Amino acid sequence: MSGAELKSWREVPIAGVPWLSSMEYKTGDWRSKRPIIDQEKCTRCLTCYIYCPEMAINVEWNEDKTKVVRVTINYDYCKGCGICANECPVKAISMELERR
């Protein structure tokens with residue numbers, strides 16, 4: 001980091017913005033609830049993808065990248081915030097207790 005030392009979590013101000021992408025470290029074990037997508041209900045509108053603050057929504061496209069085939073969740077990075085479930089216009093995402 002250009003000669004600067006990384007700060008510890010205690011030195012980051014309240015509401016501090018992380019300086020690394022969440023994709024650089026797995027945070028999925030933080031959650032108490034996990035989103036489950038009902039693929040039958042899902043219209044593949046990608047609203048969940050747009051609103052996910054962690055970019056934990058994966059989109060699978062057809063071969064020529066013209067149609068969304070499936071939407072899934074990368075649980076390694078999902079923190080279980082529930083934004084995807086709240087924003088889903090057809091309520092295809094439900095939040096279920098995490099089983100460990």
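**Exercise 1. Determine whether Ala92 is buried or exposed in this predicted model, and describe its surroundings.**

Step 1. The relative accessible area of Ala92 is 3%. A residue counts as buried under 20%, so Ala92 is buried.

Step 2. Ala92 lies in the loop that runs between α2 and β4.

Step 3. Neighbours within four places in sequence are set aside. Ala92 is then in contact with Ile36, Ile37, Asp38, Lys41 and Cys42.

Step 4. One of these partners, Ile37, is 55 residues away from Ala92 along the chain, yet the two C-alpha atoms are separated by 5.7 Å.

**Exercise 2. State which secondary-structure elements the protein chain has, and in what order they run.**

Step 1. Two helices and four strands are present in the protein chain.

Step 2. Read from the N terminus on, their order is β-α-β-β-α-β.

Step 3. As for confidence, the protein chain has an average pLDDT of 85, and 80% of its residues score at least 70. Confidence is lowest in α1, with a mean of 95, and highest in strand β4 (residues 93-97), with 97.

**Exercise 3. Describe how β2 and β3 pair.**

Step 1. The pairing of β2 and β3 is antiparallel and extends over five bridges.

Step 2. Within this pairing, Val59 has Val71 of β3 opposite it.

Step 3. The hairpin of β2 and β3 has six residues between the strands, and Lys65 takes a positive phi near 60° there.

**Exercise 4. Identify which residues have the most contacts inside the largest nonpolar core, and which elements contribute to this core.**

Step 1. The largest nonpolar core consists of 18 residues. Ile37, Cys48, Ile57, Val71 and Ile93 have the most contacts inside it.

Step 2. Two or more residues of this core are given by each of β2 (57-61), β3 (68-73) and α2 (83-87). The largest share, three residues, belongs to β3.

Step 3. Cys48 may be followed further. Residues up to four places away in sequence are not counted, and Cys48 touches Ile57, Val71, Cys84 and Ile93.

**Exercise 5. Establish how many disulfides the structure holds, and examine Cys84 and Cys88.**

Step 1. The number of disulfides in the structure is zero.

Step 2. For Cys84, the nearest cysteine sulfur is that of Cys78, at 6.2 Å. A disulfide requires the sulfur atoms to be within 2.5 Å, so Cys84 is in no disulfide.

Step 3. For Cys88, the nearest cysteine sulfur is that of Cys45, at 5.9 Å. Cys88 is therefore in no disulfide either.

Step 4. Cys84 is buried, with a relative accessible area of 8%. Cys88 also counts as buried, at 8% relative accessibility.

**Exercise 6. Locate Thr47 and decide whether it is buried or exposed.**

Step 1. Thr47 belongs to helix α1, which covers residues 47-51.

Step 2. Its relative accessible area is 18%, so Thr47 is buried.

Step 3. Apart from residues up to four places away in sequence, Thr47 touches Glu87 and Pro89.

**Exercise 7. Summarise burial, surface and contacts for the protein chain.**

Step 1. The protein chain has 100 residues, of which 29% count as buried.

Step 2. Its accessible surface comes to about 7500 Å², and 53% of this belongs to carbon and sulfur atoms.

Step 3. Contacts between residues at least 6 apart in sequence are considered next. Of these, 65% join residues at least 24 apart.

How values were computed:
Residues numbered from 1 in each chain as written. Predicted model: local features only at pLDDT ≥ 70, side-chain atom pairs only at ≥ 80, totals over all residues. Heavy atoms only, no water. Buried < 20%, exposed > 50% of the residue type's maximum accessible area, 1.4 Å probe, protein only. Contact = heavy atoms within 4.5 Å. pLDDT = per-residue confidence, 0-100. Core = buried A, V, L, I, M, F, W, Y, C linked by side-chain atoms within 4.5 Å. Areas by Shrake-Rupley, 256 points an atom, 1.4 Å probe, with all protein chains shown as cover. Pairing = 2+ DSSP bridges.
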